[in-house]
Amino acid sequence: MGMITDWPSLAACQNGDPDALFVQGAEQNVAKRICRSCPVRYECLADALDNRIEFGVWGGMTERERRALLRRHPQVTSWRKMFEAAMKKNAKDKAGKDKILATTSS
C-alpha cells in the first residue's frame with residue numbers, strides 16, 4: 001500500500017478549526033493529539049517536510065520538531081519517497097512474519 005495523493009480530504013483535521021493547528025507552547029500538544037489517529041498522518045508530515053512548511057503542526061510534529069528532523073537528515077531529498085519505502089518494507093516484513101506464524105502453528 002502506497003501513500004495517498006489526495007490526503008487532505010481524508011485528514012482528521014479536515015472539518016476542525018484550522019487555527020487550532022497553528023498555536024504555540026503547550027497548546028501544540030493538544031494540536032498534536034488530533035494527528036495521532038489520523039489515517040494520513042505520514043502523507044501530511046511528508047508534505048510539510050518536502051515543502052519546508054515553517055508554521056503549524058503537520059503530521060503530528062511541530063515546526064521545531066520538523067526543523068530538527070530536517071537537520072538530522074539533510075541527505076533525504078524526498079520524505080514522501082522515504083516514507084513510502086519504509087511502509088513497503090514494513091508490509092513485506094509483516095507478511096513474512098505472518099507466513100512464518102502460519103507455518104509453525106499448523
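Let's start inside helix H2, where Glu43, Cys44, Leu45, Ala46, Ala48 and Leu49 are all buried. Keep in mind as you look around that this is a predicted model. Helix H2 covers residues 41-50, and that list of buried residues includes a charged one, Glu43. If you wonder how positions along a helix end up facing together, an α-helix has 3.6 residues a turn, so residues three or four places apart point the same way.

Now pick out Cys44 from that helix. Its relative accessible area is 10%, so Cys44 counts as buried, the cut-off being under 20%. Which cysteine sulfur is nearest to that of cysteine 44? It belongs to cysteine 35, and it is 6.1 Å away. A disulfide needs two cysteine sulfur atoms within 2.5 Å, so cysteine 44 is in no disulfide.

Cysteine 38 tells a similar story. Its nearest cysteine sulfur is that of cysteine 13, 6.2 Å away, and cysteine 38 is in no disulfide either. With a relative accessible area of 14%, cysteine 38 is buried too. Across the model, the disulfide count by this rule comes to zero.

Two of the cysteines you've just met, Cys13 and Cys44, turn up again at the largest pocket. That pocket has a volume of about 200 Å³. Sixteen is a lot of names to chase, so go for the ones closest to the centre: of the 16 lining residues, these are Cys13, Leu21, Cys44, Val57 and Trp58. Which elements give two or more residues to the lining? They are helix H1 (27-36) and helix H2 (41-50). As for chemistry, the lining divides into 14 nonpolar residues, one polar and one charged. Cysteine is counted as nonpolar in that tally.

Next, follow the chain out of H2. Just after that helix sits arginine 52, with a positive phi of about 50°, even though arginine 52 is not a glycine. Where does arginine 52 lie? You'll find it in the loop between H2 and helix H3 (63-72). Is arginine 52 buried, or partly exposed? Its relative accessible area is 44%, so it is partly exposed, falling between the 20% and 50% cut-offs.

Finally, step back to the annotation. UniProt, in an unreviewed entry, places the feature "domain: 4Fe-4S Wbl-type" at residues 12-68. Over that stretch, the chain in this model is 46% helix and 0% strand. The C-alpha atoms at the two ends of residues 12-68 are 25 Å apart.

Technical notes. Residues numbered from 1 in each chain as written. Predicted model: local features only at pLDDT ≥ 70, side-chain atom pairs only at ≥ 80, totals over all residues. Heavy atoms only, no water. UniProt positions renumbered as here; feature names shortened; annotations may be inferred. Helix = DSSP H or I, 4+ residues; strand = E, 2+ residues; numbered from the N terminus. 1 Å grid on protein atoms, 1.4 Å probe; cavity = no way out; pocket = protein on both sides within 12 Å on 5 of 7 lines; lining within 4 Å. Points joined across faces, edges and corners; volume = space filled by probe spheres on them. Buried < 20%, exposed > 50% of the residue type's maximum accessible area, 1.4 Å probe, protein only.
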